[in-house]
Amino acid sequence: MRKAFALPTVAIAAAAFPLLTMSAASAAHDGSYQGDLGALNGSGVSGTGMVTLEGNSATVMIEASGLLAGSPHAQHFHIGAKGECPTDAADTDGDGFLSTTEGAPAYGAIGTSLTTEGDTSPDSGLAIDRFPTAEGGTVSYERTFEISTEVQESFAAGTAVLVLHGVDKNGSGAYDGDVMSDLDPSLPMEATAPAACAPLTMAQMGTTPAGGAETGAGSTAGVEEQAAMGVGALALAGAAGAGALAYRRRQADQA
Ligand SMILES: [Cu+2]
């Protein structure tokens, strides 16, 4: 008798699994991400990056200042590594530049090219005519486009990093100098070296100020309870990845 009951249960679970997996896969990374740009290679660049993900759609907003004025600046999501920004000390070959390659152990490879038009794949990583030009040293970028599954997974894993490239390290007012780029030996290193970097982390649930917390007693506890229930529901829905991980972490915190 037990087997007779068990079999249909398994069959139902198997039939439902693809659907649940699909919804869990999008739920795992949907949301708003943001990060503050930190300067690399002494660029003095600062700013912010904001990304809203829904399924395979990404809306990206970048505000940055302190860039080499009047020059194009390649910008990418880097994915699949530690989700961190390197320090200038990662100049392992000692040429005075933190190169794009030297930063890769921290922020990973190019996952998306944040171009102004057309292709956004890694193939457009150095499509310099389709990246923003920093008029007056500032870049204000907004675009909505589709991102790959790989990039979605990196956001879910917390390893997506925004990187802006191009730094006038010798202060000449142009990309020049004797050191050539690790990415394209026909370009000066200044044209491709990272100028700023921001790990993109999901805006925390329950941190929305005021308004939402209409509670009689213990507003903080109430908000945390809501967040826990939300994440728990994801885990029940067969969630893989970040949702389930966050759920387990929360359980561990409470233990
Ligand atoms: Cu890059």
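**Exercise 1. Confidence in the model**

What pLDDT does the chain average, and what share of the residues score at least 70? Identify also the stretches in which pLDDT stays under 50.

*Solution.* Begin with the kind of model: this is a predicted model, in which local features need a pLDDT of at least 70 and side-chain atom pairs count only at pLDDT 80 or more, while totals for chains, interfaces and linings use all residues. Residues are numbered from 1 along each chain as its sequence is written. The term pLDDT stands for the predictor's confidence in each residue, from 0 to 100. The chain averages a pLDDT of 80, and 69% of the residues score at least 70. Next, look at the stretches of low confidence: pLDDT stays under 50 over residues 1–21, for which the model has four contacts beyond four places in sequence, and also over residues 206–255, for which there are 46 such contacts. Here two residues are in contact if their C-beta atoms, placed from the backbone, lie within 7 Å. Where pLDDT is low, the predicted coordinates should not be read in detail.

**Exercise 2. Strand 4 and its partners**

Find the strands that pair with strand 4, and decide whether the residues on its two faces are buried or exposed.

*Solution.* First settle the terms. Helices (H or I, at least four residues) and strands (E, at least two) are DSSP runs, numbered from the N terminus, and by this count the chain has six helices and nine strands. Two strands pair if DSSP finds at least two bridges between them. A residue is buried if 20 or more other C-beta atoms lie within 10 Å of its own, exposed if 12 or fewer, and partly exposed in between, with the C-beta atoms placed from the backbone.

Now turn to the pairing. Strand 4 (residues 75–79) is joined in the antiparallel sense to strand 7 (residues 161–165) over four bridges, and in strand 7 the bridge partner of histidine 76 is valine 163. Strand 4 also pairs in the antiparallel sense with strand 5 (residues 109–113), over four bridges, and there phenylalanine 77 stands opposite threonine 112.

Finally, examine the faces: Gln75, Phe77 and Ile79 lie on one side of strand 4, His76 and His78 lie on the other, and all of these are buried.

**Exercise 3. Strand 7 and proline 194**

Explain why strand 7 is described as largely enclosed, then follow the chain into strand 8 and describe the surroundings of proline 194.

*Solution.* Five of the five residues of strand 7 are buried, so the strand is largely enclosed by the rest of the structure. Val161, Val163 and His165 point one way, whereas Leu162 and Leu164 point the other way. Five bridges join strand 7 to strand 8 (residues 194–199), and these two strands run antiparallel; leucine 164 stands opposite alanine 196.

Proline 194 is found in strand 8, and it counts as buried because it has 29 C-beta neighbours inside 10 Å. Not counting residues up to four places away in sequence, proline 194 touches several residues, among them Leu40, Asn41, Val163 and His165. One of these, asparagine 41, is found in the loop between strand 1 and strand 2, and asparagine 41 has a positive phi of about 55° although it is not a glycine.

**Exercise 4. The nonpolar core**

Which residues touch the most other members of the largest nonpolar core, and which elements give two or more residues to this core?

*Solution.* A nonpolar core is a set of buried Ala, Val, Leu, Ile, Met, Phe, Trp, Tyr and Cys residues joined through C-beta atoms within 7 Å. Of the 39 residues in the largest nonpolar core, Ala64, Ala160, Val161, Ala196 and Cys197 touch the most other members. The elements that give two or more residues to this core are strand 1 (31–39), strand 2 (46–54), strand 3 (57–65), strand 4, helix 3, strand 7 and strand 8. In soluble globular proteins, nonpolar side chains tend to be buried together.

As a last step, consider leucine 37, which has its place in strand 1 and counts as buried because it has 24 C-beta neighbours inside 10 Å. Leaving aside its neighbours within four places in sequence, leucine 37 is in contact with residues including Ala64, Leu164, Ala196 and Cys197. The C-alpha atoms of leucine 37 and leucine 200, which are 163 residues apart along the chain, are separated by 9.7 Å.
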